[in-house]
Amino acid sequence: MNDATAAERQWTFLTNHARVLVQIARDPGIRVRDIATRCLLTERAVQRIITDLEQAGYLSHERRGRTNHYSVLAGKQLRHPADAGPTVAELLATLLRAPGDGQHHPAPAVPEPAGPRSVDQVDGQQGDGLSQNRPTGADRLDGAVSGAQ
């Protein structure tokens, strides 16, 4: 039976990049240390993943005092050709569902065709409004935001 348990732990459905992105979507002010703990990664690995996500245009950050505040670019398409179609917002809408409660946590809104807009509503509550003052060159997701159901 130990062999079956070991075999089950050799692979997972989600990449570490997806896990880190979900943690940031849940809490845009989260510390690297806390992401590492929740994702069972080292802080260094989380830092590399955040750099990857920023360089690929899926994530940006803003320094606020001594902490970083992250924004997920919700309208961006998934990267792999086999995953073509869904956006980051649609992926996060699925991944942010609470297990077993039949409901889901607020998820990112799908970008409107009329053009980019800033989204700043966290877990159904009004955000800090700072995203309204940021450049809106792409749709942003500051944490888990409510979206169309």
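When I speak of a loop between a strand and a helix, the helices and strands are DSSP runs, helices having at least four residues and strands at least two, numbered from the N terminus. With that settled, Thr87 can be placed in the loop between strand 2 and helix 5, and I will come back to that residue after an overview. Please keep in mind throughout that this is a predicted model.

Let me begin with the chain as a whole. The protein chain has five helices and six strands, and their order along the sequence is α-α-α-α-β-β-α-β-β-β-β. The chain has 149 residues, of which 34% count as buried, and its exposed surface comes to about 9,400 Å², with carbon and sulfur atoms supplying 50% of that area. As for how the contacts are distributed, if we take those with a separation of 6 or more, 44% of them are between residues 24 or more positions apart.

I turn now to the N-terminal part. Leu14 sits in the loop between helix 1, residues 2-8, and helix 2, residues 16-26, and with a relative accessibility of 33% Leu14 is classed as partly exposed. Together with Trp11 and Phe13, Leu14 makes up a nonpolar patch on the surface, and the accessible area of these residues together is about 390 Å².

Moving on into helix 2, we meet Gln23. Is Gln23 buried or exposed? Its relative accessibility is 9%, and Gln23 therefore counts as buried, the limit for that class being under 20%. If we set aside residues up to four places away in sequence, Gln23 touches Ile30, Ile35, Arg38 and Cys39.

Next come the charged pairs. Side chains of opposite charge can pair when their charged atoms come close. In this model the count is three salt bridges, and I will take them in turn.

One of them joins the side chains of Asp34 and Arg31, with an N to O distance of 3.1 Å. Asp34 is partly exposed at 25% relative accessibility, and Arg31 is also partly exposed, at 43%.

Another salt bridge is formed by Glu43 and Arg33, whose closest N and O atoms are 3.8 Å apart. Because Glu43 belongs to helix 4, residues 43-55, while Arg33 belongs to helix 3, residues 32-39, this pair ties together parts that are ten residues apart in sequence. Glu43 has a relative accessibility of 38% and counts as partly exposed, and Arg33, at 48%, counts as partly exposed as well.

The remaining pair is Arg64 with Glu62, where the closest N and O atoms lie 3.0 Å apart. Arg64 is partly exposed with a relative accessible area of 23%, and Glu62 is partly exposed at 30%.

That pair brings us to the hairpin. Strand 1, residues 59-64, and strand 2, residues 67-72, run antiparallel and are joined by six bridges. Within this pairing, Arg63 stands opposite Asn68 in strand 2. The hairpin has two residues between the strands, and Gly65 there takes a positive phi near 65°.

After strand 2 we reach the loop that I mentioned at the start. What does Thr87 contact, leaving aside its neighbours within four places in sequence? The residues in question are Ala74, Gly75, Lys76, Gln77 and Leu78. Thr87 is buried, with a relative accessible area of 6%.

Gly75, one of those contacts, is likewise placed in the loop between strand 2 and helix 5. Gly75 is partly exposed, however, at 26% relative accessibility. Its C-alpha atom is separated by 6.3 Å from that of Ala89, although the two residues are 14 residues apart along the chain.

Ala89 leads us to helix 5, which spans residues 88-95 and has Val88, Ala89 and Leu92 as its buried residues. These buried residues are on the same side of helix 5, because they cover an arc of only 95° around its axis. As background, an α-helix has 3.6 residues a turn, so residues three or four places apart point the same way.

To close, I would leave you with two places to look at in the model: the salt bridge between Glu43 in helix 4 and Arg33 in helix 3, and the buried Thr87 in the loop that comes between strand 2 and helix 5.

Conventions:
Residues numbered from 1 in each chain as written. Predicted model: local features only at pLDDT ≥ 70, side-chain atom pairs only at ≥ 80, totals over all residues. Heavy atoms only, no water. Patch = residues over 30% accessible without salt bridge, like charges linked within 9 Å, V, L, I, M, F, W, Y side chains within 5 Å. Areas by Shrake-Rupley, 256 points an atom, 1.4 Å probe, with all protein chains shown as cover. Salt bridge = Lys/Arg side-chain N within 4 Å of Asp/Glu carboxyl O. Buried < 20%, exposed > 50% of the residue type's maximum accessible area, 1.4 Å probe, protein only. Pairing = 2+ DSSP bridges. Arc of directions from axis to C-beta. Contact = heavy atoms within 4.5 Å.
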